[in-house]
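Hello,

Here is the structure I promised to pass on. Please open it alongside this message; my notes follow below.

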Amino acid sequence: MSHERRDRRLGIMGGTFDPVHLGHLVAAEAAREEYALERVLFVPTGSPPHKPDQTVTEAEHRLAMVLLATAGHPHFLVSRVEIDRPGPSYTVDTLRQLTATYLGWELYFITGADAVLELDTWKEPGEILRLCRLVVVGRPGYDQHRLREMVDRLRRDTGACINVLASPALAISSRELRRRAAQGRSLRYLVPREVEDYILKHCLYQRVAATS
Ligand code: NAP
């Protein structure tokens, strides 16, 4: 007989993390505190389904940077689940896998507002909302009105659990960091020191594609 009780809470920090930056870390820590998450699992996207035309940095580099950025935090972990799974990295597949691994845990999927605004285009959005609580992190300047309408609609139509977390630190963006790196500008205080060193050592973001 199962004695399953969903009294443990797992945060799942999903993102391309190209590269991971302090805005992501601050948001993950804020979510951990706000929702009393026992662990926050960073899940770098393997092959982003929504970026077929965009050049994304090799997954192993993005993963290595996330590992460096989260090392030393006792409640942060990193998962290869999307990197090791062949094909496009659909969130619904990740949530199914993690539900099976973390039996009895309540899952909180944490990601950016701009990504969630496109949720209707994701694979099986209804199933995603059934499998997890969604934590939407808003960066300064995102379309609050559109998000509010969407959240209200989803709550009304599906009973989904969606929380919005404002994170001023997300004024830092991966796209801006890639541009800065391509221009040879400093990333100091925007990414952890180890991540900055890794970017320099591996000559990442030397050229920025027009679409990125
Ligand atoms: P993105 O389009 O690159 O980013 C959208 C916005 O969200 C950006 O402003 C981004 O900032 C921010 N963001 C991304 N991850 C974040 C996080 N964990 N916390 C706070 N802000 C975050 O989106 P993405 O990073 O590729 O995708 C986000 C997540 O949605 C991933 O887990 C991805 O697999 C999932 N997703 C799934 C599907 C699907 O299943 N079909 C489709 C789209 C996205 P930065 O650029 O600074 O990170």
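Salt bridges first. The count in this predicted model comes to 16 salt bridges. One involves E60 and R80, whose side chains meet with an N to O distance of 2.8 Å. E60 sits in helix α2, residues 59-70, and R80 in the loop between β3 (76-78) and α3 (81-84), so the pair ties together parts that are 20 residues apart in sequence. The general background is simple: side chains of opposite charge can pair when their charged atoms come close.

Now the ligand. Which pocket does the ligand take up? The space it fills is the largest pocket. There are 27 residues around the ligand. T16, H24, H50, K51 and R139 come nearest.

Sorted by class, the shell around the ligand holds 13 polar, ten nonpolar and four charged residues. Several elements contribute. β1 (8-15), β4 (105-112) and α5 (113-116) each supply at least two residues of that shell. Which element gives the most? That is β4, with four residues.

For your contact list, here are three side chains with an N or O atom close to an oxygen atom of the ligand:

- K51: 2.6 Å from its side-chain N or O atom to a ligand oxygen.
- H24: 2.7 Å, again from a side-chain N or O atom to an oxygen of the ligand.
- T45: 3.3 Å between a side-chain N or O atom and a ligand oxygen.

How much of the ligand does the protein bury? Taken alone, the ligand exposes 850 Å². The protein buries 91% of that. H24 and K51 also appear among the residues that come nearest to the ligand.

Two backbone points to check in your viewer. Most residues other than glycine have a negative phi, and most peptide bonds are trans. Where does the model depart from this? The peptide bond from D18 to P19 is cis, with omega near 0 degrees. P19 lies in the loop between β1 and α1 (22-34). E124 is not a glycine, yet has a positive phi of about 50 degrees. E124 is placed in the loop between α5 and α6 (125-131).

Over to you.

Best regards

Note on methods: Residues numbered from 1 in each chain as written. Predicted model: local features only at pLDDT ≥ 70, side-chain atom pairs only at ≥ 80, totals over all residues. Heavy atoms only, no water. Near = heavy atom within 4 Å. Polar contact = N/O pair within 3.5 Å; in protein donor to acceptor, adjacent residues only side chain to side chain. Areas by Shrake-Rupley, 256 points an atom, 1.4 Å probe, with all protein chains shown as cover. 1 Å grid on protein atoms, 1.4 Å probe; cavity = no way out; pocket = protein on both sides within 12 Å on 5 of 7 lines; lining within 4 Å. Sits in = over half its atoms within 2 Å of the grid points. Nonpolar A, V, L, I, M, F, W, Y, C, P; charged D, E, K, R; others polar. Salt bridge = Lys/Arg side-chain N within 4 Å of Asp/Glu carboxyl O.
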